[in-house]
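Please look through the structure below before reading on. The text then walks through it, from the chain as a whole to single residues.

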Amino acid sequence: MMRTGAKEFVVVRPLYSEEAFAQDHEKVYRHGKTMLDHVKDYFTCDAKRAKNAALSLLPVIGWMKIYRIKDWLLSDIVSGVSTGLVAVLQGLAYCLLASLPPWYGLFSAFFPVVIYFFLGTSRHISVGPFPVLCLMIGSVVTRIVPDEGPALNITGLEGLTRDEQRVLVASSLTFLTGIMQLAMGILQVGFVVMYLSDTLVSGFTTAAAVHILVSQLKFVLGLTVPGISGPLSLIYTLEIIFNKITSTNVCDVVISLVIMVVVFIVKELNDRFKSKLPVPIPIEVIMTVIACGVSYAFDFKTRYGIDVVGHIPKGYESPIAPNLHILQETAVEAFPMAIVGFAVAFSVAKVYSVKHDYTIDGNQELIAFGVSNIFGASFKSFAASTALSRSAVQESTGGKTQIAGLLSAIIVMIVTLAIGFLLEPLPKSVLGAVVIVNLKGMLMQFRDIPYLWRRDKPDCVVWLGTCTAAILLGLDLGLAAGLGVELISVVLRAQFPRCSVLANIKGTDIYKDRKDYIDIYEPEGVKIFRIPSPIFFANIEFFRSKLVEAVGFNPLRVLRKRNKALRMIRKLLKKGDLQWTSKGFLNTSCGFIKESEDESNMEELDLPTDFKDLPVRIDWSTELPANIIVPRVDLHSLVLDFAAVSFLDISALKGLKTALKELIRVEVEVYIVACDPYILKKLHDCCFFDDEVQSSMFFLTLHDAMLHILKKHPESTEKKSDFDRIVTTVTVHHPEGSLRSRDRNAPETRF
């Protein structure tokens with residue numbers, strides 16, 4: 001029965017091997033570019049290219065041309081003010097993660113934003129402090145300038161206070177991070193972010209959220225806990241916190257709990273009623289203002305011993321140069337920071353670019369963040385990326401372009417220059433509570449584990465491996481370990497692909513895994529083997545073993561047995577124990593002839609069977625004389641489906657040729673179908689073909705090869721009833737025909 005609405009088509013064309021198709025259809029010659037050609041193209045410059053380069057380096061020119069003042073300006077102003085208030089609070093809060101005085105977070109929320117306004121390609125992300133980067137900076141800062149004891153012996157730190165030393169370390173590290181990002185952007189290697197899968201980033205950010213949570217416990221509990229970096233630092237920090245738990249400041253705990261509960265509830269209401277609210281309620285800002293007022297009114301610092309933000313200097317500090325010794329000391333930590341900062345920002349930017357239908361350039365984003373960090377580091381800010389919550393505020397409040405980001409930077413500047421003193425009585429426990437509440441999104445990623453386990457177990461292993469390594473070893477080593485686990489999972493998937501034996505779906509020219517379908521047809525003596533991955537040095541042996549498993553015999557073992565049998569037959573004929581008659585071989589000796597041990601060279605047994613000096617060619621499917629037993633081979637044709645094979649390396653070429661020769665030498669005809677033209681060209685270039693392995697074995701499609709086999713071996717279908725045969729009608733050859741409806745006079749092959 002034909003499905004309702006379905007149509008049947010009859011395609012009239014010749015049966016094509018690769019050689020036949022090449023003869024009938026002339027290819028267009030295309031000159032392939034050499035490496036020198038690419039280099040010349042890269043360095044060639046003309047007026048148009050110079051103009052495009054200038055526009056690409058300053059994306060602000062492109063979107064400013066299309067800026068709609070009446071439609072967009074008001075939205076950008078509202079978004080900029082809302083984002084600026086959040087940026088002030090997050091700048092102060094995230095600065096605690098970096099183990100720096102809080103007001104330096106305001107610098108990081110200002111300088112990078114101004115540079116990104118001119119160089120960035122995303123119109124919606126909010127640039128500034130990102131908690132994961134802040135934590136990575138904090139681990140480096142506390143390693144070089146610990147809370148207790150002297151700093152590392154580095155030239156340039158002498159005579160500075162502890163805070164000044166830490167600021168110099170953070171700014172130098174940020175400068176180096178920016179240099180790395182700028183270099184990657186200039187070298188056009190923005191594709192490196194592709195190696196960080198969504199699963200890896202999810203596991204890494206979840207581990208970072210755990211680190212951030214633990215790092216903020218000392219502020220929430222009002223404890224003095226020294227900063228610890230390196231492997232197992234989280235465990236050691238928790239141990240110190242539990243040992244000092246009896247010294248908890250109850251007032252800090254109460255303030256933190258109130259802040260967290262209120263902020264959490266209002267954030268949930270913002271999410272639930274976001275379609276009805278013109279702008280989200282800035283609850284963090286509101287609670288911060290209230291906490292500041294209450295702390296000032298009741299003098300929390302003096303009466304309850306609460307640690308507050310303290311003195312915030314007005315204005316900006318003079319620029320400084322990076323310390324070369326610190327750059328050498330922090331080079332290892334700077335690279336993962338450069339990658340993580342760019343990867344997170346690019347991921348968020350990509351989401352908003354798809355939502356609002358514009359394009360972003362990964363390489364230009366690297367340049368933008370690189371220059372932003374270099375410029376910001378000169379003015380004592382630390383590494384910038386984008387916080388998901390802050391970017392969500394900028395986009396959800398109606399932000400259309402980076403003018404909203406520039407206005408948010410102006411709000412931060414106003415606080416820095418004029419009203420920063422109002423934040424001096426703010427308890428640090430409030431900032432810690434705000435940071436913890438904003439971790440909800442990252443911590444909720446733990447819910448991905450059951451989903452990943454059900455859908456893709458290797459991805460789940462990558463998530464768990466990255467998260468566990470980042471928690472125990474630290475974020476820098478954890479990221480490296482996660483990349484290692486991810487690459488291993490990719491290699492294992494390619495090294496051990498799910499090979500399958502295909503069969504024909506009756507009535508069609510479609511071939512599927514024979515294990516998955518009931519109504520299938522398999523001609524006798526024919527196997528179709530499919531490998532769904534590239535074939536290279538790591539999986540060639542796996543491919544050969546699966547091929548042996550699919551055909552049901554080891555061709556090399558069969559070949560050796562046959563050559564050994566031929567030697568014995570020759571020896572018996574020479575001794576007279578065996579004679580050839582018109583009825584076949586006749587055993588003239590008394591009793592059975594035992595097979596003697598053959599001590600000859602095994603390499604000779606691997607050569608093709610040679611029937612010279614024998615009166616007849618041996619039929620290996622019949623019973624052999626003189627009690628000689630050779631494994632039976634019921635296969636006459638093997639089809640290798642290369643549709644999913646994207647490349648072959650030299651090791652794979654050698655292994656494949658060896659496997660093909662072994663099969664051909666035991667009289668199995670091998671056909672390779674749907675081979676990529678570039679692979680076929682590579683086979684010719686590498687002298688893959690010889691007297692045994694010939695280019696005629698390549699066919700255009702799997703169905704072409706099957707038609708050829710069944711035409712050559714009609715006995716494969718003779719034992720089947722008409723009901724069991726494939727009913728697909730395909731024209732084998734009709735040189736005068738064309739594409740048309742079913743023609744009863746057209747030559748057809750049915751099988």
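What follows describes the overall form first, then charged pairs, then a few single residues.

The model shown here is predicted. Its chain has 31 helices and 13 strands. How far is the chain spread out, when set against a compact globule? The radius of gyration is 37 Å, while the globule rule gives 27 Å for 751 residues, so the chain is more spread out than a compact globule. Along the principal axes, the C-alpha atoms fill a box of roughly 120 × 60 × 55 Å.

Of the 751 residues in the chain, 48% are buried. The accessible surface comes to about 38300 Å², and carbon and sulfur atoms account for 61% of that surface. Contacts can also be sorted by how far apart their partners are in sequence. Taking contacts between residues at least 6 apart in sequence, 79% join residues at least 24 apart.

The next topic is charge. The chain carries 77 positive and 75 negative charges, and the mean positions of these two sets are 3 Å apart. Side chains of opposite charge can pair when their charged atoms come close. How many salt bridges does the structure hold? There are 26 salt bridges in the structure, and some of them are described here.

One salt bridge is formed by the side chains of Glu329 and Arg143, with a distance of 3.1 Å from N to O. Glu329 belongs to helix α15 (residues 324–329) and Arg143 to helix α8 (residues 131–144), so this pair ties together parts that are 186 residues apart in sequence. Both partners are partly exposed: Glu329 has a relative accessible area of 34%, and Arg143 has one of 27%.

Another salt bridge joins the side chains of Lys546 and Glu549, at 3.7 Å from N to O. Here both residues sit in helix α25 (residues 540–551), and because Lys546 and Glu549 are 3 residues apart, about one helical turn separates them. Lys546 is partly exposed, at 27% relative accessible area. Glu549 counts as exposed, since its relative accessibility is 58% and the term applies over 50%.

A further salt bridge links Glu669 with Lys712, whose closest N and O atoms are 3.3 Å apart. Which parts of the chain does this pair tie together? Glu669 is in strand β10 (residues 669–673) and Lys712 is in helix α30 (residues 702–712), so the pair connects parts 43 residues apart in sequence. Glu669 is partly exposed with a relative accessible area of 21%, and Lys712 is partly exposed with 46%. Salt bridges can also share partners, and in this way Lys657, Lys661, Arg665, Asp690 and Glu692 are joined into one network.

Glu692, a member of that network, can be followed further. Glu692 is placed in the loop between α29 (677–685) and β11 (698–699). Its relative accessible area is 24%, so Glu692 is partly exposed. Setting aside neighbours within four places in sequence, Glu692 has contacts with Pro608, Lys661, Ile664 and Arg665. Of these, Lys661 and Arg665 also belong to the network. Leu660 is 32 residues away from Glu692 along the chain, and their C-alpha atoms are separated by 8.8 Å.

Backbone angles give another view. Most residues other than glycine have a negative phi, and most peptide bonds are trans. Ser99 is not a glycine, yet its phi is positive, about 60°. Ser99 lies in the loop between α5 (69–97) and α6 (104–108). Is Ser99 buried or exposed? Ser99 is buried, because its relative accessible area is 19% and buried means under 20%.

Asp357 also has a positive phi of about 60° without being a glycine. The loop that holds Asp357 runs between α16 (331–356) and α17 (362–378). With 70% relative accessibility, Asp357 counts as exposed.

The last residue is Ala409, found in helix α19 (residues 403–419). Ala409 is buried, with 1% relative accessible area. Which residues does Ala409 touch, not counting those up to four places away in sequence? Ala409 touches Ala109, Phe110, Val113 and Val114. Ala409 and Ser256 are 153 residues apart in sequence, and their C-alpha atoms are 28 Å apart in space.

Key. Residues numbered from 1 in each chain as written. Predicted model: local features only at pLDDT ≥ 70, side-chain atom pairs only at ≥ 80, totals over all residues. Heavy atoms only, no water. Salt bridge = Lys/Arg side-chain N within 4 Å of Asp/Glu carboxyl O. Helix = DSSP H or I, 4+ residues; strand = E, 2+ residues; numbered from the N terminus. Buried < 20%, exposed > 50% of the residue type's maximum accessible area, 1.4 Å probe, protein only. Rg over C-alpha atoms; globule rule 2.2 N^0.38 Å. Contact = heavy atoms within 4.5 Å. Areas by Shrake-Rupley, 256 points an atom, 1.4 Å probe, with all protein chains shown as cover. Lys, Arg positive; Asp, Glu negative; His and termini not counted. Charge placed at Lys NZ, Arg CZ, Asp CG, Glu CD.
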